[in-house]
Amino acid sequence: MCGIFGYVGKKDPIKICIGGLKQLEYRGYDSAGIAGLYEGQIKSCKEAGKIASLEKKILSEGLKLDFAIGHTRWATHGKPTDQNAHPHFDEKSSLALVHNGIIENFSQLRDQLKSKNVRFTSETDTEVIAQLIGQFYRGDLLDAVQKTLPLLQGSFAIAIIHSNHPGQIVAAARESPLSIGYDDQHTESIVSSDPNAFLPSTSNVMFLRGDEIAQVEAGKISIFNSTLKPIEKKIEKLESNYQAPSKEGFEHFLIKEIYEQSSTIQKALLGRLNDESACIEFENFHFSDEYLKSIRNIWLLGCGTSSHAGWIGTMFFEDLSRVNASVEIASEARYRNPLLASDTLVIAISQSGETADTIAAMREAKRRGCSILGICNVVNSTLSREADSTIFLKAGPEMSVCSTKAFSSQVAVLALFALHIARLKGLSDGEMRKYFAHFRKISGSIQQVLEKSSLLQTIAKKYAKYNDFFFMGRRYMVPTCLEAALKLKEISYVNANGYPAGELKHGPIALICPNFPVVAFCSNDQTLDKIVSNLMEVKARGAPILAFAPEGLHSIIEIADDIFWLPESIDPFAPFASIVAGQLFAYYIAKDRGCDIDQPRNLAKSVTVE
Ligand code: M6R
């Protein structure tokens, strides 16, 4: 994972770099560091912890730099210590390097270097890159980088500075994303893991791939291929309507984002329900109606929360569009040997659009001849650039590592797309309009849940003492309960297992006992009686029961210890209100337990290594 950032130009490089790194902190926050040149020498400052503490250290040390590279780390190789924080250096400390990715053969390379008496100061895979470049350096930094890259196995985006090359950053990338930008006046340049961290003035952007190497100076960028032959890169115009993220009075980004969902759902639907034609429309959509009608299979790819949204999507395609669909966790999909024909549409789902496994699985499916539809929140992301067409969530930046509003918007977009196919296959005007009415009720039902959040806070207080939970549901509530359990795990550090309720008797019921609460998501009309019976079985074994139940389910009153009533909904749209209730439950438990809610331990917002 990790975020790398570099700045060459007239502005204060430290300030710009720290600002850029803060935008990239979603990629990891185990340590942070910065390096640059001052009076002809490499100077640096780095330490374990978040960027805010690096900022203080820089101030206290009075660091000054002429230009700079910086890094925010999610630890892969080596603990999150000061020593392992980037930048890393060659033996002579004449070059500094920051890296995002994983060097898979680092241990062999390190042994080879050690046999030449090269001394290492960290446990990282990154340091071997710095040391190798240092070994190859004979006055030409580009040449030393070019000689190093073929020796590396794995993925990387790197930025390097050298004391003999003032005002110059050399950058290179293979698989890990790296964007390079400059302003219209050609006065400054930026290197960043994500172009959304550029300054508003940096509107020209290019993306490095496949061992390409860039020489970056203020407002001037030269790109070379892996043999150092100069190449022309496509320059893209970056449209930025960036606004600094704010908690807007909420205590955490997470709770702000949970609350935003009544409006982000509306944004996901905005302009897409055409009442006149009873059709669904997507902007800049590149798939023809003929192609969509010819699809026989849909393969949905995603990781974590996005895979849960994909699972709900499979039910939409089966129930609404009558097309076979399956969801695959992208880290598994990328190593499978699937039978994908040209009538299989692959849908890659990702909030960030930078998840390494999702991108790798998508590329593999593309290589096998499938068309790719992206469902993504971040414009300009790798996924959105590589998919044949992308439907954006329009949910706005999701700052909390724990994904909430992206999930509900992903589910909404999947429902829209499933209905779009259904319409192409002949669903009537009347049926379409009925669904339109249901779509328009989602925001209100989310709002109803939000208005009762204090009740969930009280319930959460009662359950915050438990360390193990069992979440269950049926049909649409299976991925919903898995998602709710994931929320609890990641922000409260509490063990929460999600299961289809029908599986209870096939093993997990052995766990049920009085200090193992069961959280049941009941809002699926088709299987209501079934889940009620499952809860009776749980009650007989003495477990405390919290039920998220649809209004009117009277039979639950005698069974559950606590009930949170949810607005009525058709089964396919029940996940919306249910998950918001589940998110609030997780939030209040995490708050009660005093956890770091927006930046939970060991996590990163965007998982850019596999
Ligand atoms: O950006 P993506 O949607 O591709 O991210 C996928 C997962 O890493 C992400 O959903 C993760 O599971 C979240 N932390 C869950 O809250």
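**Exercise 1.** How do the residues of the shell around the ligand divide into nonpolar, polar and charged?

*Solution.* The model under study is predicted. Step one is to count the shell: 15 residues surround the ligand. Step two is to sort them by class, which gives 5 nonpolar, 8 polar and 2 charged residues. Step three is to name the closest residues, which are Ser306, Ser350, Ser352, Thr355 and Glu490.

**Exercise 2.** Identify protein atoms that lie within 3.5 Å of an oxygen atom of the ligand, the cut-off for a polar contact.

*Solution.* Begin with side chains. An N or O atom in the side chain of Glu490 is 2.3 Å from a ligand oxygen atom. For Thr355, a polar side-chain atom lies 2.4 Å from an oxygen atom of the ligand. Turn next to the backbone: Ser403 places a backbone N or O atom 2.8 Å from a ligand oxygen atom. Finally, consider coverage. On its own the ligand has 410 Å² of accessible area, and the protein covers 91% of it.

**Exercise 3.** Locate the ligand with respect to pockets, helices and domains.

*Solution.* First, assign the pocket: the ligand sits in the second largest one. Second, find the elements that give two or more residues to the shell; these are helix H8 (304-321) and helix H15 (477-492). Third, divide the protein chain into domain 1 (3-237), domain 2 (247-446) and domain 3 (452-600). Domain 2 and domain 3 each supply at least three residues to the shell around the ligand. As a last step, compare centres: the C-alpha centres of domain 1 and domain 3 are 45 Å apart.

Terms used:
Residues are numbered from 1 along each chain as its sequence is written. This is a predicted model: local features need pLDDT of at least 70, side-chain atom pairs count only at pLDDT 80 or more; totals for chains, interfaces and linings use all residues. Side-chain values use heavy atoms; hydrogens and water are left out. A residue is near a molecule or strand if one of its heavy atoms lies within 4 Å of it. A polar contact is a pair of N or O atoms within 3.5 Å; within protein, one must be able to donate a hydrogen and the other to accept it, and residues adjacent in sequence count only if both atoms are side-chain atoms. Accessible areas come from the Shrake-Rupley method with a 1.4 Å probe; for residues, only the protein chains shown count as cover. On a 1 Å grid over the protein atoms alone, a cavity is a set of points where a 1.4 Å probe fits but cannot get out, and a pocket is an open set with protein on both sides within 12 Å along at least five of seven lines; lining residues have an atom within 4 Å of a point. A molecule sits in a cavity or pocket if more than half of its atoms lie within 2 Å of its grid points. Helices (H or I, at least four residues) and strands (E, at least two) are DSSP runs, numbered from the N terminus. Ala, Val, Leu, Ile, Met, Phe, Trp, Tyr, Cys and Pro count as nonpolar, Asp, Glu, Lys and Arg as charged, and the others, Gly among them, as polar. Domain bounds come from an automatic or database domain assignment.
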